[in-house]
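Me: Please take one helix of this model and look at it closely. Then work outward to the rest of the fold, and keep the sentences short.

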Amino acid sequence: MSEAAPVVPRTMTIDIWSDVMCPWCLVGWGNLSQALEQLDGEIDADIRWHAFELNPDMAETGEGRTAHIARKYGRTLEESKGVQGQMKQAADTAKVSLDYEGDEDPAPPAMMWNTFAAHRLLVWTLENKGAAKQTELKLALFKAHFNQRLRIGERDVLLDIAADVGLTREEALAALNDDATAARVRAEERQAWDANITGVPAMVIANKFMVPGAQPPEAYVNALRRVAEKTAG
C-alpha cells in the first residue's frame, strides 16, 4: 500500500496597505501572525507592505499623539487617552507592544510624524531586497516608533534603522533620494484610493480578496482558508 503524498502548503500573497504610525496596523500584524502560526504547514504567506499615509500633511515638527487624536477625531484629551487605552488592550491581545521600552526617564513624548520618507525606504527595500527583508524593516520601524519613540520622520534616524536590518547607509540614502521611488510610493497610495481603501490596515489576499481593519486571528484563518478553497486548482 503506497503512502499518501505529503501535504504541500499553499503559498498565498498578502498585500498589506499600512502606515508605520498606525497602532491598529501593528495589532493587525500581531493577529495575522497568530493566524499564520495556526496555518503552519497549510498556508505559507508571501507578505508585501504598501504605502498609506494617515497624515500626509503632517509637519516635520510632528504632533503629540494625544493632542493629534483629539484634534483629528474631535475628542477631548481625556477621550483621546481612553482611545489609546483601548489600543493598548488590543495590542496586548495581539501579542504586540505599543509601550515605550527605552531607557529614558521620563519617557520621550509619544508623537506622530510625517512618514513619506519611511514609505520610500519600504518600497525600495521590497523591490531591491525582497519581501522578507521589507517585513523585517517594517517591524523595525514599528519598534522605532512605538517602543523607542524615535523621530522616524528624520533621515538620519531612518538611515540608522535601515542599517540595523542589514541595509547599507549608502543604499538607504539612495532610496531616500530617488525620485522614481517617491513616484512609486504615490502610485501605491493611488492604488489604495482606487481600491476604496480609506483606512488601514487593509489586507488583500491573492490579489482579489480584501480584509479591512485589524481582525482577530480567527477571522484571518477563516479568510485565508476560504480564499485557498476558491483559488484551488
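Reply: In this predicted model, the buried residues of α4 pack against β1, β2, α5, α6 (155–164), α7 (169–177) and α8 (179–194). The helix itself runs over residues 116–129. Its 14 residues reach 19 Å from the first C-alpha to the last, close to the 20 Å expected at 1.5 Å a residue. The buried positions are Phe116, Ala118, His119, Arg120, Leu121, Leu122, Val123, Trp124 and Thr125. Polar names are on that list too, including His119, Arg120 and Thr125. After α4 comes glycine 130, with a positive phi near 100 degrees.

Two of the partners of α4, β1 and β2, also carry a salt bridge. Aspartate 15 pairs with arginine 48, with 2.8 Å between the closest N and O atoms. Aspartate 15 sits in strand β1 and arginine 48 in strand β2, so the pair links distant parts of the chain, 33 residues apart. Aspartate 15 counts as buried because its relative accessibility is 6%. Arginine 48 has a relative accessible area of 24%, so arginine 48 is partly exposed.

Helix α8, another partner of α4, holds a salt bridge of its own. Arginine 186 and glutamate 189 meet there at 2.9 Å, N to O. They are three residues apart in α8, so about one helical turn separates them. Arginine 186 is partly exposed, with a relative accessible area of 36%. Glutamate 189 is buried, at 17%. Salt bridges with shared partners join Glu53, Arg186 and Glu189 into one network. A further pair is aspartate 178 with arginine 184, whose closest N and O atoms are 3.8 Å apart. Here aspartate 178 is partly exposed at 29% relative accessibility. Arginine 184 is partly exposed as well, at 31%. The count for the model comes to 14 salt bridges.

Now the nonpolar cores. The largest has 41 residues. Met12, Trp17, Leu32, Ile47, Ile205 and Leu224 have the most contacts inside it. Two or more residues each come from β1 (10–18), α1 (23–38), β2 (43–51), α3 (77–94), α5 (131–147), β5 (202–205) and α9 (217–230). The most come from α1, which gives seven. A second, separate core has 25 residues, among them Val20, Leu159, Val165 and Leu176.

Leucine 32 gives a close view of the largest core. Beyond its neighbours within four places in sequence, leucine 32 is in contact with Ile14, Ile16, Ile47, Met203, Tyr220 and Leu224.

Last, α9, one of the elements that feed the largest core. This helix has 14 residues. Its first and last C-alpha atoms are 20 Å apart, close to the 20 Å expected at 1.5 Å a residue. Pro217, Tyr220, Val221, Ala223, Leu224, Val227 and Ala228 are its buried residues. Down the axis of α9, these residues fall within an arc of 170 degrees, so they line one face of the helix. Glu229 and Lys230 are exposed on the other side. The buried residues of α9 pack against β1, α1, β2, β5 and β6 (209–212). β1 and β2 are thus packing partners for the buried residues of both α4 and α9.

Methods. Residues numbered from 1 in each chain as written. Predicted model: local features only at pLDDT ≥ 70, side-chain atom pairs only at ≥ 80, totals over all residues. Heavy atoms only, no water. Core = buried A, V, L, I, M, F, W, Y, C linked by side-chain atoms within 4.5 Å. Buried < 20%, exposed > 50% of the residue type's maximum accessible area, 1.4 Å probe, protein only. Helix = DSSP H or I, 4+ residues; strand = E, 2+ residues; numbered from the N terminus. Contact = heavy atoms within 4.5 Å. Expected span 1.5 Å × (residues − 1). Arc of directions from axis to C-beta. Salt bridge = Lys/Arg side-chain N within 4 Å of Asp/Glu carboxyl O.
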